[in-house]
Amino acid sequence: MATAPMNAQTNAPATDTLLEMRDITKTFPGVKALSNVNLNVRSGEIHAIVGENGAGKSTLMKVLSGVYPFGDYSGEIFYEGEECRFTGIHDSEKRGIVIIHQELALVPLLSIAENLFLGNEQTRFGVIDWNLARRRAADLLRKVGLREDPDTLITNIGTGKQQLVEIAKALAKDVKLLILDEPTASLSEKDSQHLLDLLLEFKRQGMTAILISHKLNEVKKVADRVTVIRDGQTIETMDKDDVTEDRIITSMVGRTMEDRYPTRTPNVGETIFEVKNWTVHHQLHPERMVIKGIDLHVKKGEVVGIAGLMGAGRTEFAMSVFGRTYGTNISGEVFVHGKKADTSTVGKAVAQGLAYATEDRKVYGLNLIDHIKHNVTIANLPGVSSGTGVINDLAELKVANEYRKKTNIRSSSVYQITGNLSGGNQQKVVLSKWLFSDPDILILDEPTRGIDVGAKYEIYTIINKLAEEGKGILVISSEMPELLGICDRIYVLNEGRIVGEMAGHEASQEKIMRAIVRGEEKAAS
Amino acid sequence: MSTETAAPTTNAAKASAQAAFKENLRQYGLVVALIVIMLFFQYMTNGILFLPVNLTNLVLQNSYIVVMALGMLLVIVAGHIDLSVGSVAGFIGAVAAVLMVDYGFHPLIAGLICILVGGIIGGAQGYFIAYMKIPSFIVTLSGMLVFKGLLLWLLGGRSVGPFPTGFQMLSAGFIPDVIGPLVLVPPTLNASGNPMPNTGLVLHTTTMVIAILIVAAMLYFALKSRRARESHGYDAEPFALFVIKNVVLAGIILFLMYKFASYRGLPNVLIVMGFLIVLFVFFTKRMTFGRRIFAMGGNEKAAKLSGIQTERLTFYIFGIMGMLAALAGLIYAARLNQATPKAGAGMELDVIAAVFVGGASAMGGVGEVAGAVIGAFIMGVMNNGMGIMGINIDWQQVIKGLVLLGAVAFDLYNKKKA
């Protein structure tokens, strides 16, 4: 405390420490989000913070950046040797602390240059100097290795490049401590690599960074030290040399994770789902072919993966099959249980026994302002109503409770608003919704994106159970280890074509990558 | 919560009871706000507000706003807006007048034609909104101009009326007292032997019988649904809360009906209104159709991917809105007993205000039929009370505007705190 007899100088941290957060406690009405958290970041290091969703990582960063102003929390923050009491994000940015949030804060219909200097406009006598802005923008883009015209609109570049623009934006503010919240969550393997390399390059130039991540392999790759947070408390900080995935996972979940993927003995039956010569054109640019004649099939009780880079067309394929919710000029045939099936609207697809759980649960999956009960039944309201469309309240409540238990949704009751659930529990609500529509074939698009290790394991368990019940499951994922861990068979998709198919036990990351590269060579020749 | 898990049951039960209470808290708050406002004006108008004749007037004055608020609630929950309802109501009033007065149509046939035309107007606007993806603000703004213009064209600057008596009964009529009046205190007679106004107490017996039947039915269904929940092991709300809620509600209904009964009985239009309110509550709370509207308003993309035909749903919603606007136009014309070129002007704003005061969210996905009805009456009581107090129309507007802003601000403040 500032009023304590011991003054700040004797209490000040060691000199190579850039940032020290001491005994940070932050409470929300009814919840203690952080309790006595300590964080020590050395000058020039990359410091990773890992923890399950809802562990308090983002809250801690919001305390640091002044989103929660001084007085809103208890504890002390020392930065560059002095105590800081930020009252807003402007205060912390002035000191060179810049945070890049998981949800990118770019304006889609403004240009790269305009976004780079948003709130930090390059002015002369109060008037924006566009030549200066463009020149500086070009400089910054070069630094982050992004070859784009500064006048390009944000909406016209991919997520990977947008992430780089965010970083360039941070550089424009003379950043000393860069905080990245899940920067690679929505990036492809290739873009993630580039981003991590960039981070290492900045480190060589003396920048300090805090990296919040779920992906343990990338933490291992770039971090000098790792701090694990669990349930709003610091569990431990370990040095690079001591870091192993097992140790991190043990700290994160508070128990040893024997196996990250639950085991299952496959019991594969006859083919229940088949797509033949499926071709799809781009939604907005009909002359561009996005899916170029895909053939694939799923058998009863089989978990089939679709691997591929971002932009390979995996989601586009799934959505075009599921009620033509993506694309134009769609051609090809779908067979369910050997019979030709009409899946041209979502209603028809569901009636054929298809379900599609989206990769973006917040935008496409849930009604976030409504509670669990209503979200679970919405895709199959006839299942809880009379023929005339009158909902049976009690039947609905029973169904919601049943699926809440079945998928282990952690909530106070089925009346909890889904927007207040953690990512993992939200995903379980999405799964419940589709399970209740009683499909034979489930297409799961990035079922574990942005959710923590413990919840992932639960999702895998659900997938296994469904396979054992004889359903066919198609899993789309950008995380190759996940596909290798749970799939019986894996298709590799690249630029709208299937470029490889392999049995799960024969597959490896190298094989998948090789298939992609070979496919690219073939397409080029 | 199921009773299968032993220890956490009581906790979870408490939590879900609390959730149910919270869910209804807003509604209780609205009812309390309406009562407080009514008591305030009762005091400020020296007791005029609660006079049977004034309460009856209050219903008649606001009936067309309430009718449109029901449809507007669906529209706003779906994430849209309809600015055309005032003009459409005015236009339909003119159509009714031309049909009945100029061409001598039977009121019933003319009324049905009008509601059909309203449905077609709403459906046409819905088509542009749902299938052409033109924002509802723009489509209904042009609808507002178009039908305002058509109203002027159709009437050619004149007022058309009066309507046949049968049609006037829609707004000016009362249900017949089939049982016969119950004289509690005989009224004083004047020199010519007629009863003097505001003396004596004669009850419209049929109205009181209907009141008691309504209260009995309400309590029966409330108890039945409570039993059903309990017998399936789901905790209902605490018994004390249940009793208080229903006793207060029954008391309010009986009190109001008693007031109506001591004037001329139930107005016909209140029967129409009451029927529509019950229908729309059932629609939104218990039917898949209503549930899908909320799902669409909450997240249209997710609703679409859940198999909801969002285009068709939007189309229907605007069709329903058009029919209700037509009915409101008929009620309004019957009340004035003529169709005027100014009919319906600005009415859409009162309707939209009622829905927002009633707690609907401008973002869509949130709203209650009961809230919209109470919202309409909050605005209506303020109009009525301020009118009796002799507050100028200019200041009435200012105060109503501030109440709308205050109500929504209070709502958002509460949500943030929660």
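**Chain interface, domain arrangement and an open sheet**

In the contact between the two chains, 29 residues of chain A meet 28 residues of chain B. Three helices of chain A, namely helix 11 (346-351), helix 12 (361-365) and helix 14 (393-406), each contribute at least two residues to the side of chain A that touches chain B. This side of chain A comprises 16 nonpolar, 11 polar and 2 charged residues. The model is predicted, and the totals for chains and interfaces use all residues.

Chain B is partitioned into domain 1, which is made up of residues 41-172 and 287-418, and domain 2, which covers residues 174-266. The centres of domain 1 and domain 2 of chain B, taken over C-alpha atoms, are separated by 28 Å. Their contact involves 5 residues of domain 1 of chain B and 6 residues of domain 2 of chain B. On the side of domain 1 of chain B that touches domain 2 of chain B, 4 residues are nonpolar and 1 is polar, with no charged residues.

Chain A contains an open sheet of 4 strands in the order 14-13-16-17, with antiparallel pairing. Strand 14 (289-299) and strand 17 (339-341) of chain A occupy the edges; each has a single partner strand, so one side of each is left without a neighbour in the sheet. From one strand to the next, the twist averages 15 degrees. At the edge formed by strand 17 of chain A, pairing with strand 16 (residues 328-336) of chain A is antiparallel and extends over 3 bridges. Within strand 17 of chain A, K339(A) is the bridge partner of V336(A).

Technical notes:
Residues numbered from 1 in each chain as written. Chains lettered and ligands numbered in written order. Predicted model: local features only at pLDDT ≥ 70, side-chain atom pairs only at ≥ 80, totals over all residues. Contact = placed C-beta atoms within 7 Å. Nonpolar A, V, L, I, M, F, W, Y, C, P; charged D, E, K, R; others polar. Domains from an automatic or database assignment. Pairing = 2+ DSSP bridges. Axes fitted to C-alpha atoms, helices over the stretch in contact; angles between N-to-C directions.
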